[in-house]
2 protein chains.
Amino acid sequence: MLQINRRVLLAGAASAATATAMSGREAAHAAAPTNGKQASGFYRYKVGDYELIAINDGVWLRAIDDKFVRNAGFADVQKALADSFQPAGKLPIPFTTLVINTGSKLILIDTGTGAQLTAMAPQSGTWDANFAAAGFDPKNVDTILISHFHPDHINGIKTKDGQLRFPNAEISVPAPEWAYWMDDAQMSAAPEGARPAFLNTRRIFADIAKDVKRFEPGGEVAPGITSIAAYGHTPGHTAFAVASGNASMLALSDTTNNPWLFVRNPEWQAVIDTDGPLAVTTRRKMLDRASADRMLVQGYHFPFPASGYITKTANGYDLMPVMWQATL
Amino acid sequence: MLQINRRVLLAGAASAATATAMSGREAAHAAAPTNGKQASGFYRYKVGDYELIAINDGVWLRAIDDKFVRNAGFADVQKALADSFQPAGKLPIPFTTLVINTGSKLILIDTGTGAQLTAMAPQSGTWDANFAAAGFDPKNVDTILISHFHPDHINGIKTKDGQLRFPNAEISVPAPEWAYWMDDAQMSAAPEGARPAFLNTRRIFADIAKDVKRFEPGGEVAPGITSIAAYGHTPGHTAFAVASGNASMLALSDTTNNPWLFVRNPEWQAVIDTDGPLAVTTRRKMLDRASADRMLVQGYHFPFPASGYITKTANGYDLMPVMWQATL
């Protein structure tokens, strides 16, 4: 009764080739051409009275080797990739920023790549199109909150030639993040490979320094939005809790990168974490709290729409992605 | 260092109320109005040379009680809902049909509700808008394949007033499904509650009977598409394997309903399965094969975009949803 097997599937494939060859004669109706075009990468949902809008900025298919996770064998990393049906050796690292519309303020948490990482990640840089598809104009943004100073989070503040992309937005950044990245002594002390990131922060912030608000994580930074110190990934890495009415959610920023690696194995230290052990401690605390409180979370590098719930497992945690909802 | 707790979140909520009250004075820039509009519900991906397009038809938020799963305690069902972060007592049952563009033929597997279940499921009936957003016109459809005769799968064949919605499409249906639902003796023998479904099949098929192609599941039904007998949910319930080049996928149809209930607990018999024990046997075979072969699967009632991979667990299976891809 149940007849699926490899033979049937291969027979199907063979017949498809035949059918394609015949199709010139067979197609009685105009075929709709294949067009390769995906739906727009935005996703809207409610938290209390607030509308939240996830805006995708594409993906970096990062080639990874045995150095990507500092404290795990590469075979274990490859098994984790296979177990989650991800391509071997190329880790998908999507970028998804979060817009919060309070009804009177439009707030943006992180700004994406500003289409300035396309050489490294040719599938990134789609933020503008998705932001526009969601019905927004950069001029509408009142407030920009920055989680940390890695280029995929701050580059969108400016255009490639140094113009501000959000002319009406006040920019707020974590004070300890500023203290680390803008300090020339830190830049000199950092390994050579980190130097471009230090120079990039200067490119973005040096000439607007007096207009950039620096906050100590732990307090309210916008209406209903509380900053949370979540250090480790970078020295001043910050998460954000969004609350409206009785509802709330937690924007984890880069507390974990790809969840199938680092939510499932929270003790793994990615080479991109400035302080691996501290990042692990922070990650466990955040994921513990998120699972205990059954909070909706968003992760900047989670699969689009980048939100879901954290569950506890025997050795770590897991991500239950949100069910896509057609209506809010 | 990590300062998130309920106090902070509640403080955030309180301040939000204050901020909203002040916003009339504070908002220096025109706020983008909240608009409640979700992105279009289509998702495009490749299987070999074929383009597949998932088209969402909304969702039925079905009130469930202790009768919904015949052979499980309601406490267990409610726990499964809670474990998967679904609303208590209202089971989201999304509808997602599959379009297959072979490059020369446009094939549609199941037709959705035709906006004819909106009284029961007010959030359904969005198929037309999503199909159009994906760039298609009903006139483009060459072939319709039907998995089974439940109204959410066949109603889209016709408009409410009996017109064909896909004027150029050949319609193919499983012969055993036709034999069951179109048989007046079966209709008389069926419980009173099943009568509307029998009458509905007549409304859809009676006047076009001579044009409807009936196939015995197990063979090729369209270029590269093989039908697979998957009886139990209904007497002639059929799945489909799609193959192109070296790639393939499996459209499970209603082999399982909501995956967090029935993929995770494959032995559970939903009240909507005509033959519960047979549905369980079929389900286990299909999920076993899908997990062993690591096949991409699509489920008509899976969370949009309704595709993913099946993994084996201690007591059943789990669904790993696909990672959304911005580019094909």
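These notebook entries record what I looked up in the predicted model above.

**Conventions and confidence**

I number residues from 1 along each chain as its sequence is written, and I letter chains from A and number ligands from 1 in the order in which they are written. Since this is a predicted model, I ask for pLDDT of at least 70 for local features and count side-chain atom pairs only at pLDDT 80 or more, while totals for chains, interfaces and linings use all residues.

I looked up the scores and found ipTM 0.91 and pTM 0.92 for the model. Chain A has an average pLDDT of 92, and 91% of its residues score at least 70; pLDDT is the predictor's confidence in each residue, from 0 to 100. Over residues 1-28 of chain A the pLDDT stays under 50, and the model has 49 contacts beyond four places in sequence for them (two residues are in contact if their C-beta atoms, placed from the backbone, lie within 7 Å). I note that predicted coordinates should not be read in detail where pLDDT is low.

**Sheet β8 to β14, chain A**

I took helices (H or I, at least four residues) and strands (E, at least two) as DSSP runs, numbered from the N terminus, and I let two strands pair if DSSP finds at least two bridges between them. In chain A, I traced an open sheet of seven strands in the order β8-β9-β10-β11-β12-β13-β14, with mixed pairing. Its edge strands are β8 (220-222) and β14 (317-321), each of which pairs on one side only. Neighbouring strands of this sheet are turned by 35° against each other on average, direction ignored; axes are lines fitted to C-alpha atoms, for helices over the stretch in contact, and angles run from 0 to 180 degrees between N-to-C directions.

Helix α9 (residues 276-292) of chain A packs on this sheet, where it touches β10, β11, β12 (296-298), β13 (307-312) and β14, and its direction makes about 95° with that of β13(A).

I then went through the pairs in turn. Strands β10 (residues 238-244) and β11 (residues 247-251) of chain A are antiparallel over five bridges, with Ser244(A) opposite Ala247(A). β12(A) and β13(A) are antiparallel over two bridges, and here Gln298(A) stands opposite Ser307(A). For β13(A) and β14(A) I found antiparallel pairing over five bridges, Lys312(A) opposite Tyr317(A), and a hairpin that joins the two strands through four residues.

**Sheet β1 to β7, chain B**

In chain B, I followed seven strands that form an open sheet in the order β1-β2-β3-β4-β5-β6-β7, with mixed pairing. The edge strands are β1 (42-47) and β7 (212-215), each pairing on one side only, and neighbouring strands are turned by 25° against each other on average, direction ignored. Within this sheet I checked β4 (residues 106-109) and β5 (residues 143-145) of chain B, which run parallel and are joined by three bridges; Ile107(B) stands opposite Thr143(B).

**Helix α9, chain B**

I tested the length of α9 (residues 276-292) of chain B: its 17 residues should span 24 Å at 1.5 Å a residue, and the end C-alpha atoms are 24 Å apart, which agrees (the expected span is 1.5 Å times one less than the number of residues). The buried residues of α9(B) are Ala279(B), Thr282(B), Arg283(B), Met286(B), Leu287(B) and Ala290(B), where buried means 20 or more other C-beta atoms within 10 Å of the residue's own, exposed 12 or fewer, and partly exposed in between, with C-beta atoms placed from the backbone. Seen down the axis, these buried residues fall within an arc of 125°, so they line one face of α9(B); the arc is that of the directions from the helix axis to the C-beta atoms. They pack against β10 (238-244), β11 (247-251), β12, β13 and β14 (317-321) of chain B, whereas Pro277(B) and Ala292(B), on the other side, are exposed. Arg294(B), which follows the helix, has a positive phi near 50°.

**Backbone exceptions**

I kept in mind that most residues other than glycine have a negative phi, and most peptide bonds are trans. Phe304(A) and Pro305(A) are joined by a cis peptide bond with omega about 10°, and Pro305(A) lies in the loop between β12 and β13 of chain A. The bond from Phe304(B) to Pro305(B) is also cis, with omega near 10°. Phe85(A) has a positive phi near 60°, lies in the loop between α2 (74-83) and β3 (90-101) of chain A, and is partly exposed, with 17 other C-beta atoms within 10 Å.
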